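Here's an informal tour for someone meeting this structure for the first time. Have a look at it first, then read on.

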Amino acid sequence: MGKLLFFDIDGTLVGFDGKMPESAVKGLKEAQKNGHKVFLCTGRSYNQIYPFLLDFGFDGIVGAAGAYVEYEGKELFHSTFNEEQFKQVMRCFEGTQGAMICQAKDICLSADCYEPQFVRAFSSKWDISSIKDIDTFHALIMDNDLSVYPEKYRNQVECIIYCESAYTVEEMQKMVSGDIHVEMASYKTPEPYSGEITLTKNSKQTGIEKILDYLGKGKEDVIAFGDGANDMEMLDFAGISVVMGNAREEIKEHGDYITTNVDQDGIYNALKHYHLI
């Protein structure tokens, strides 16, 4: 077995136009032919992954920022918020204009009162009037009875994204227990009042470790590709870390190699650089 290659999706494997560059498609297929394994490693829940990526033939998936892990279609790990953890998160939004979308393996969950905030947050990237206009949220369920969320959806939700919170990311972190982690969202609008809420025990790194344990491999076999804040742990963990040219400067500090932008053959160039193809 060759190297284990883990790819973030947005801004890394897929451009800001929602498409995977042809050079990346070619590079990944060549890498597989050369005996390397390729994995998605994303903050997206399974149902939010682009269908063309699910059909590509990846050897495995680390989804929901490490909360879901599969290899060759076999589920290795799945972690969700219990009722008490979900209640803590819900309290952060009570009596405020903050909005959230809860992500599970098969669905996304939100309410009508949260839609305007997310339309504003995503309008800089997409021309939308409803968040259902974004293919990422094709499995979105709108349940307006917020009081039942913790009980009704306990042990289903893997992570939560939010925007227009009344609190900064740091303030939100102080409002929840230590087993819950809050960090800046990749869409950042408005900053720092938009974020991502996960269970502290889960990260892209821990998801990768589940794959390594299953395959009996070590981190020296891992090459990680990323561009965002939630990629930093896996970049620091990997034997080799590749950061995209379109990443922010503070993210590039975590890379062994800075490749070109996602839409400038960044993945293909990095695979060539390390003689994987």
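What follows goes through a sheet, two helices, a glycine, a covered strand and a pocket.

A quick word on the basics: this is a predicted model, where local features need pLDDT of at least 70 and side-chain atom pairs count only at pLDDT 80 or more, while totals for chains, interfaces and linings use all residues. Residues are numbered from 1 along each chain as its sequence is written, and side-chain values use heavy atoms, with hydrogens and water left out.

**The sheet**

Let's start with an open sheet of eight strands, in the order β5-β4-β3-β2-β1-β12-β13-β14 and with mixed pairing. At its edges stand β5 (74-78) and β14 (257-258), each with a single partner strand, so one side of each has no neighbour in the sheet. Helices (H or I, at least four residues) and strands (E, at least two) are DSSP runs numbered from the N terminus, and two strands pair if DSSP finds at least two bridges between them.

Here are three strand pairs.

| Pair | Sense | Bridges | Residues standing opposite |
|---|---|---|---|
| β13 and β14 | parallel | two | V242 and Y257 |
| β6 and β9 | antiparallel | six | C102 and I160 |
| β9 and β11 | antiparallel | three | I161 and E196 |

**Covered parts**

Strand β9 is mostly covered, with seven of its seven residues buried. Buried here means under 20% relative accessible area, against over 50% for exposed and in between for partly exposed (1.4 Å probe, protein chains only).

How many residues of helix α4 are buried? Six of the eight residues in α4 (115-122) are, so the helix is largely enclosed by the rest of the structure. The buried ones are E115, Q117, F118, V119, A121 and F122. Their cover includes β6 (99-104), β8 (140-142) and β9 (157-163), counting contact as heavy atoms within 4.5 Å.

Helix α1 (22-33) has 12 residues and reaches 17 Å from its first C-alpha to its last, close to the 16 Å expected at 1.5 Å a residue. That expected span is 1.5 Å times one less than the number of residues. In α1, the residues S23, A24, V25, G27, L28 and A31 are buried, and the buried residues pack against β1 (4-7), β2 (37-41) and α10 (266-273). After α1 comes G35, with a positive phi near 95 degrees.

**A glycine in β12**

G226 lies in strand β12 (222-226). Is G226 buried or exposed? It counts as buried, because its relative accessibility is 0%. Leaving aside residues up to four places away in sequence, G226 touches D8, T12, D231, M234, L235, V242, V243 and M244. Its C-alpha is separated by 9.4 Å from that of K252, and the two are 26 residues apart along the chain.

**The second largest pocket**

The second largest pocket holds about 220 Å³ of space. It is lined by 16 residues, and H181, E183, N202, S203 and E233 lie nearest its centre. At least two lining residues come from each of β10 (180-184), β11 (195-199), α7 (204-215) and α8 (232-237). The largest share, three residues, is from β11.

On a 1 Å grid over the protein atoms alone, a pocket is an open set of points where a 1.4 Å probe fits, with protein on both sides within 12 Å along at least five of seven lines; lining residues have an atom within 4 Å of a point. The volume is the space filled by probe spheres set on the points.
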